[in-house]
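User: I would like to learn how to read a sheet and the overall fold from a model. Could you take me through one case?

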Amino acid sequence: MIDFIHKEDSYNDFFAEKLTPYKVSTLGPALAIGDVDKNGFEDVYIGAASGKPSELYLNTGTKFIKSPQKAFEIDAEFEDNDAVFFDANGDGDLDLYVASGIHSQRNKNFEIDRLYINSNGKFTKSSKQILTNPLNTSCVAAYDYDGDGDEDLFVGNLSNPDNFGAL
């Protein structure tokens, strides 16, 4: 059993964008599943709303154990809309790409997608930015699109957080 309760932040789309037909700031929580620690069991990443840290649960085969991750605590201000595990650096470990949404205070520094590199089950934020994406990212998927043996990312955007309907 995983003991996680998602608590949404207080951001209100309709206050900032009067003609928005629906909320785009409450897409989370993000969810990614993959064998992070290479023990043969799928582990679970659950993203959070801005102001709350994301969580990683390692699967022992009989139970899920919360794995403290300093990088997720540091980045608690980000809104996590989606996430995917994939091997970003070709070392055989599952790394993590997290798609960001609208920050509760509209601080654009916290509205950028992130890449975390896995080293023996501990994640650190990558110093290299894969993609500078100022839009409200709604989905991300990994797939070897060009058939070259490494996984490529599809990053989908839902809206421009400053101008709904425009990209």
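**Reading the sheet and the fold**

Analyst: In this predicted model, a good place to begin is one strand pair: strand S6 (residues 95–100) and strand S7 (residues 114–119) run antiparallel to each other and are joined over three bridges. Within strand S7, Leu115 is the residue that stands opposite Tyr97.

User: In what order do the strands of the open sheet lie?

Analyst: The open sheet has four strands, ordered S5-S6-S7-S8, and their pairing is antiparallel. Strand S5 (80–86) and strand S8 (122–125) each have a single partner strand, so they stand at the edges with one side left without a neighbour in the sheet. From one strand to the next, the twist averages 25 degrees.

User: How many helices and strands are there in the protein, and in what order do the elements run from the N terminus on?

Analyst: The protein has two helices and ten strands, and from the N terminus on they run α-β-β-β-β-α-β-β-β-β-β-β. The radius of gyration is 16 Å, close to the 15 Å that the globule rule gives for 167 residues, so the protein is as compact as a globular protein of that length. Along its principal axes, the C-alpha trace spans about 50 × 40 × 25 Å.

User: What share of the residues is buried, and what supplies the exposed surface?

Analyst: Of the 167 residues, 42% are buried, while the protein exposes about 8900 Å², of which carbon and sulfur atoms supply 54%. As for contacts between residues at least 6 apart in sequence, 50% join residues at least 24 apart.

Notes:
Residues are numbered from 1 along each chain as its sequence is written. This is a predicted model: local features need pLDDT of at least 70, side-chain atom pairs count only at pLDDT 80 or more; totals for chains, interfaces and linings use all residues. Side-chain values use heavy atoms; hydrogens and water are left out. Two strands pair if DSSP finds at least two bridges between them. Axes are lines fitted to C-alpha atoms, for helices over the stretch in contact, and angles run from 0 to 180 degrees between N-to-C directions. The radius of gyration is taken over C-alpha atoms; the globule rule is 2.2 Å times the number of residues to the power 0.38. Buried means under 20% relative accessible area, exposed over 50%, partly exposed in between (1.4 Å probe, protein chains only). Contact means heavy atoms within 4.5 Å. Accessible areas come from the Shrake-Rupley method with a 1.4 Å probe; for residues, only the protein chains shown count as cover.
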